[in-house]
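This briefing goes through one structure by topic, beginning with residue exposure and the main pocket, and then turning to aromatic contacts, strand pairing and backbone details. Please keep the sequence and the model in view while reading.

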Amino acid sequence: MQLNRSRKSRRQKHNTIRVGSFISEYPVVLSIAGSDNSGGAGIQADIKTCQVYGTFCTTAITAITAQNSKGLRMADYVGDSMLESQLDSIFECFSPDAVKIGMVPSASAVEIISRILRQHNARNIVIDTVLSATAGGCFNRDGTVKAMTTLLFPMATLITPNLPELHILSGKSDLNPADAATRMIKFSEVRNVLIKGGHSEGDTCNDLLVMKDGRILEFNRKRINSPDTHGTGCTLSSAIACGLALGMTLECAIEKAKTFITDAIARGHRFRVTELYGPVHQSDLRRKR
Ligand code: PLP
């Protein structure tokens, strides 16, 4: 009882947004990710996704990239103290209902993120295991993957690797995807793995949810053949985080996010904003655009 009351008052204190005399309560999402100046992926994709879902997006930027659809020009990592200060400033005044983690550049960044999330009992943590830029170029320094596996994965509700990332993370390219994910669940203590089917072939894009309790669920949608898929992984993972922040079950959050990303890919192809490999277009499912 005591616990319930203090949780409620904590939530009221932290997640109440006051604008003039109007008081509103939003679910708050924290996105820990890199900035993509071309607007398609990273923090930019997460903010747009949160906005469409009706959640409030706070951020901790891990790196700044200079890129466009022709390639990655530069990636500068923000220093450890800057990352720590951003996270501290969020947890001082907010109590995020879900956390999305994207690009993490170094083992020391992993250590800071895991320590602060643990200190604040962060919940509903969704990790998009970003290892490289869509436009080409590696994002992580040596040792990052090992640190993520040992420090961050055990805290996560879900990780969302694509097939190449699953092979790197599980260290097994000869196993079928479900067996590779089951192996990861055993050795890294991650609870749930959503294997994205974007890199596979066929008329449908099938994502596979492998869970700690042994269940395996499939989420299938018609495949949209489009070069405009920049930001797909970021958008899907932040949409799942939004669903969890809104109180959905994991299965329900993935189901809704899968519809959301399929629609965002279709719209990205219809309303192109740049040449070559353009971004997906996050928008309200009820709106035409
Ligand atoms: N985060 C940043 C900062 C990026 O620039 C990218 C891709 O370029 C990603 C994440 C991953 O993007 P995607 O969602 O297309 O996998």
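A residue counts as buried under 20% relative accessible area, as exposed over 50%, and as partly exposed in between. The model is a predicted one, and with these cut-offs Thr232, at 22% relative accessibility, counts as partly exposed. Thr232 belongs to helix 8, and this residue is also among those that lie nearest the centre of the largest pocket.

**The largest pocket**

- The space in the largest pocket comes to about 1,000 Å³, and 46 residues line this pocket.
- Nearest the centre of the pocket lie Asn162, His199, Thr229, Thr232 and Gly233.
- Two or more lining residues come from each of several elements, namely strand 3 (28-36), strand 4 (56-68), helix 6 (163-170), strand 10 (204-211), strand 11 (216-222), helix 8 (232-245) and helix 9.
- Sorted by class, the lining holds 20 polar residues, 17 nonpolar residues and nine charged residues.
- Thr232 also takes part in a long-range approach, as its C-alpha lies 7.5 Å from the C-alpha of Ala41, although the two residues are 191 residues apart in sequence.

**Aromatic contacts**

- Aromatic rings are counted as a pair if their centres lie within 6.5 Å, and by this rule the model has three aromatic pairs.
- In one pair, the ring centres of Tyr53 and Phe260 are 5.2 Å apart and the planes stand at 65 degrees, so the arrangement is edge-to-face, a term that applies to planes over 60 degrees apart.
- This pair links distant parts of the chain, with Tyr53 in helix 2 (residues 42-53) and Phe260 in helix 9 (residues 250-270), at a separation of 207 residues.
- Both partners, Tyr53 and Phe260, are buried.
- Tyr53 has a further neighbour in Lys256, whose charged end sits over the ring of Tyr53 at 5.2 Å from the ring centre.
- Tyr26, Phe56 and Phe94 come together as one aromatic cluster.

**Strand pairing and hairpins**

- Strand 4 pairs with strand 5 (residues 71-77) in the antiparallel sense, over six bridges, and the hairpin that joins these two strands passes through two residues.
- Within this part of the model, Ile64 stands opposite Asp76, which belongs to strand 5.
- Strand 10 and strand 11 are likewise paired in the antiparallel sense, here over seven bridges, and Asp207 stands opposite Phe219 in strand 11.
- The hairpin formed by strand 10 and strand 11 has four residues between the strands, and Gly214 in its turn has a positive phi of about 95 degrees.
- Strand 4, strand 10 and strand 11 are also among the elements that give two or more residues to the lining of the largest pocket.

**Positive phi outside glycine**

- Glu189 is not a glycine, yet its phi is positive, at about 65 degrees.
- Glu189 occupies the loop between helix 7 (177-188) and strand 9 (192-195), and with 51% relative accessibility this residue counts as exposed.
- Leu276, also a residue other than glycine, has a positive phi near 60 degrees.
- Leu276 is placed in the segment after helix 9 and is partly exposed, its relative accessible area being 41%.

**Residues brought together across the sequence**

- Met82, in helix 3 (residues 80-93), is partly exposed with a relative accessible area of 46%, and its C-alpha lies 8.7 Å from the C-alpha of Thr62, with the two residues 20 residues apart in sequence.
- Thr144, in helix 5 (residues 144-152), counts as buried at 0% relative accessibility, and its C-alpha is 9.6 Å from the C-alpha of Glu111, which is 33 residues apart from Thr144 in sequence.
- Val273, in the segment after helix 9, is exposed, with a relative accessible area of 66%, and a C-alpha separation of 9.5 Å is found between Val273 and Asp228, which are 45 residues apart along the chain.

Conventions
Residues numbered from 1 in each chain as written. Predicted model: local features only at pLDDT ≥ 70, side-chain atom pairs only at ≥ 80, totals over all residues. Heavy atoms only, no water. Phe/Tyr/Trp six-rings, centres within 6.5 Å; stacked < 30°, edge-to-face > 60°. Buried < 20%, exposed > 50% of the residue type's maximum accessible area, 1.4 Å probe, protein only. Lys NZ or Arg CZ within 6 Å of the ring centre and 35° of its normal. 1 Å grid on protein atoms, 1.4 Å probe; cavity = no way out; pocket = protein on both sides within 12 Å on 5 of 7 lines; lining within 4 Å. Points joined across faces, edges and corners; volume = space filled by probe spheres on them. Nonpolar A, V, L, I, M, F, W, Y, C, P; charged D, E, K, R; others polar. Pairing = 2+ DSSP bridges.
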